[in-house]
Amino acid sequence: MELTIKNLTKTYPSGVKAIDDVSLTIKTGMFGLLGQNGAGKTTLMNIVATLLSADKGSVAFDGIDALSHPEELRKHLGYLPQEFGVYPNVSAEELLLHIAKMKGIKNHYDRKEHVNALLNRVNLFDVKQKRLDKYSGGMKQRFGIAQALLGNPRLIIVDEPTAGLDPMERNRFYNLLSEIGENTVVILSTHIVEDVSTLCNDMAIIGHGKVYHTGKPSQIEASLEGRLWQTEIEKSEIEQYKADYNVISNFFYMGKLKVLVVADKKPNNNFIEKTPVLEDAYFNLLQEKENKKVAI
């Protein structure tokens, strides 16, 4: 299975170009779409999910032209949007049965069996009669995944699925998503680097509506090997360090301010080399793009 996006562009009536000539090839498994809020991720996901038209370009999934025949793609699509609303006064089971019927599962017994299997899968079976407005944030997100899985879709889109979840619920969600991605094309759109580094084999970094970089998280991390340096400084020194070095991030650890610097060789003896992680490479790429923008 393969999703192919070619030269996709979308400009809103306000003049904002949300998507600018985006091309991606996404195969079976978990694909991470990483970018800051406002980078264009949700617009891109809404176009792929056939909820929004594009100005130009194409979206194809296993031979289906999604922009010309959106109804065909919807037969194979599961979608958990960033803002997922529920009817508060009904139970999880009731709402899933209703959605299953709308998705074309006509037989009552087949519908019931399918819904119960999904509730088991997302660990909500024991609370399936509970009203949805009584669910926690994590439970609502798991319910959202359950409705996205109705009908056994081959393409699943999840937009910012872990935002606002506590660490324990986020781990539960990671386990669930990793299972789903084994035999399905899953696009995980997020601004949280940990989501991508934990779950995805392939990824793209997007910013200002453009694709900045694609590849495997490990390959993107490796771009900084031997070039990332860390030191501890006083808060009063931060502006000077930013002026003197290529500082890509600063953070507090145990009350001490640390800075990360990218340089081809050790800046001075106060620095130690740091093993890069995806977050470091991501910050470095964003800074490079911003610096080019300023230079222009």
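Let us start in the interior: the largest nonpolar core has 51 residues, and F143, I145, V158, L177 and I180 have the most contacts inside it. A nonpolar core here is a set of buried Ala, Val, Leu, Ile, Met, Phe, Trp, Tyr and Cys residues joined through side-chain atoms within 4.5 Å. Buried means under 20% relative accessible area, exposed over 50%, and partly exposed in between, with a 1.4 Å probe and protein chains only. Helix α3 (residues 92-102) gives the most to this core, with six residues; helices (H or I, at least four residues) and strands (E, at least two) are DSSP runs numbered from the N terminus. The core draws at least three residues from each of domain 1 (2-85 + 136-215) and domain 2 (222-295), with bounds that come from an automatic or database domain assignment. Apart from this core lies another, of 28 residues, including L8, V22, L77 and V185.

A word on what you are looking at: this is a predicted model, in which local features need pLDDT of at least 70 and side-chain atom pairs count only at pLDDT 80 or more, while totals for chains, interfaces and linings use all residues. Residues are numbered from 1 along each chain as its sequence is written, and side-chain values use heavy atoms, leaving out hydrogens and water.

Next, find the open sheet of four strands, ordered β12-β13-β11-β14 with antiparallel pairing. Because β12 (247-253) and β14 (272-273) stand at the edges with a single partner strand each, one side of each is left without a neighbour in the sheet. Two strands pair if DSSP finds at least two bridges between them, and two bridges join β11 (residues 228-233) to β14. Q230 has I272 in β14 as its bridge partner.

Close to this sheet in sequence, we meet some aromatic rings. Ring pairs link Y241, Y245 and F271 into a cluster; rings of Phe, Tyr and Trp (its six-membered ring) pair if their centres lie within 6.5 Å, and planes under 30 degrees apart count as stacked, over 60 as edge-to-face and the rest as tilted. F271, in the loop between β13 (256-262) and β14, is 30 residues from Y241 in helix α9 (residues 238-244). F271 is buried, at 0% relative accessibility, and Y241 is buried too, at 12%. Y245 and F271 form an edge-to-face pair, 5.5 Å centre to centre with 70° between the planes. Y245 is partly exposed, with a relative accessible area of 25%.

Finally, visit T50, in the loop between α1 (41-48) and β4 (56-61). T50 is buried, with a relative accessible area of 13%. The side chains of T50 and R74 are joined by a polar contact of 2.7 Å, that is, a pair of N or O atoms within 3.5 Å; within protein, one must be able to donate a hydrogen and the other to accept it, and residues adjacent in sequence count only if both atoms are side-chain atoms.
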